[in-house]
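Here is a short briefing for a first look at this structure. It moves from the whole chain to its sheets, then to the core and a few single residues.

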Amino acid sequence: NLRRWNLNSGDGCSERCQLEDPCGNGRIDDGEACDDGNRVNGDGCDNSCSPDRFNLVRGQETVTGDFGSNGADYWRLEAHGESVISIATSGADGLCDDGLQLVVRLFQMTADGRVLVDDANVAANQGCGQLTAEIDAGAFDIEVSSVGVRSIDYSMAVNLVQTMPIA
């Protein structure tokens, strides 16, 4: 009786041929909202492959994140009324060097899933992604990704200005 074993755990199948948790493998698999290639909280995609949350109600907050090649981070925030959101990304050092190609997309969360509100730097494919959009109250995901196959450490500043008072 000949048995074959997978000798390398970490590839989705353990060395005993048991299905491994795919969260942290850098691919968005069934049941995952994001997967940035690691299982670290506070970097844009948490250890259960769900978006990290902003506690931003109004004003500005800067966060840092990282993802592997072909990865993306998702940051979730709640707008409590009509607002203007401005998002600016840069390398972790605050610069937009020649090889950095960050893309920013803003999605509104609906009963049907994510609906694209705006995107920045998708066509240009160069430098740092920035966008400004008028939004209604609701939940939003900010996606930060890159063009190319290199790992990215980045910084993102989000400014949320409420234009209509909360009723």
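Two residues are in contact when heavy atoms of theirs lie within 4.5 Å. The model is predicted. Among contacts in the protein chain between residues at least 6 apart in sequence, 64% join residues at least 24 apart. The chain has nine strands and zero helices.

**The chain as a whole**

- From the N terminus on, the elements read β-β-β-β-β-β-β-β-β.
- The protein chain has 167 residues, and buried residues make up 39% of them.
- Its accessible surface comes to about 9,300 Å². Carbon and sulfur atoms account for 46% of that surface.

**The four-stranded sheet**

- Four strands form an open sheet in the order β2-β9-β4-β7. The pairing is antiparallel.
- At the edges are β2 (59-67) and β7 (130-135). Each of these edge strands pairs on one side only.
- On average, neighbouring strands of this sheet are turned by 20 degrees against each other, direction ignored.
- Strand β4 covers residues 83-91. Six bridges join β4 to β7, and the two run antiparallel.
- S83 stands opposite I135 in β7.

**The five-stranded sheet**

- An open sheet of five strands has the order β1-β3-β8-β5-β6. Here the pairing is mixed.
- The edge strands are β1 (52-53) and β6 (113-120). Each pairs on one side only.
- β1 and β3 run parallel and are joined by two bridges. D52 has W75 in β3 as its bridge partner. R53 has R76 in β3 as its bridge partner.
- β3 and β8 run antiparallel and are joined by eight bridges. E78 stands opposite A139 in β8.
- Why is β3 described as largely enclosed by the rest of the structure? Seven of its eight residues are buried, so the rest of the structure largely encloses β3.
- Strands of a sheet pair through backbone hydrogen bonds, either parallel or antiparallel.

**The nonpolar core**

- The largest nonpolar core has 25 residues. Those that touch the most other members are I85, I87, L106, I142 and M156.
- Seven strands each supply at least two residues of this core: β2, β3 (72-79), β4, β5 (102-110), β7, β8 (138-146) and β9 (152-162).
- Which strand gives the most to this core? It is β9, with five residues.
- I85 has a long contact list, leaving aside neighbours within four places in sequence: L77, L106, L131, T132, A133, I135, I142, V158, N159 and L160.
- In soluble globular proteins, nonpolar side chains tend to be buried together.

**S83, in strand β4**

- S83 is found in strand β4. Is S83 buried or exposed? Its relative accessible area is 3%, so S83 is buried, the cut-off being under 20%.
- A polar atom of the S83 side chain lies 2.9 Å from the backbone oxygen of G81.
- Not counting residues up to four places away in sequence, S83 touches A133, E134, I135, L160, V161, Q162 and T163.

**S90, also in strand β4**

- S90 is found in strand β4. With a relative accessible area of 12%, S90 is buried.
- What does S90 touch, not counting residues up to four places away in sequence? Its contacts are L95, C96, L100, L102, C128, Y154 and S155.

**G65, in strand β2**

- G65 is found in strand β2. At 6% relative accessibility, G65 counts as buried.
- G65 and A92 are 27 residues apart along the chain. Their C-alpha atoms are separated by 8.2 Å.
- Not counting residues up to four places away in sequence, G65 touches D43, D73, W75, I152, D153 and Y154.

**To take away**

- The nine strands include those of an open sheet of four strands with antiparallel pairing. They also include those of an open sheet of five strands with mixed pairing.
- I85 is among the residues that touch the most other members of the largest nonpolar core.

Conventions
Residues numbered from 1 in each chain as written. Predicted model: local features only at pLDDT ≥ 70, side-chain atom pairs only at ≥ 80, totals over all residues. Heavy atoms only, no water. Pairing = 2+ DSSP bridges. Axes fitted to C-alpha atoms, helices over the stretch in contact; angles between N-to-C directions. Core = buried A, V, L, I, M, F, W, Y, C linked by side-chain atoms within 4.5 Å. Buried < 20%, exposed > 50% of the residue type's maximum accessible area, 1.4 Å probe, protein only. Areas by Shrake-Rupley, 256 points an atom, 1.4 Å probe, with all protein chains shown as cover. Polar contact = N/O pair within 3.5 Å; in protein donor to acceptor, adjacent residues only side chain to side chain.
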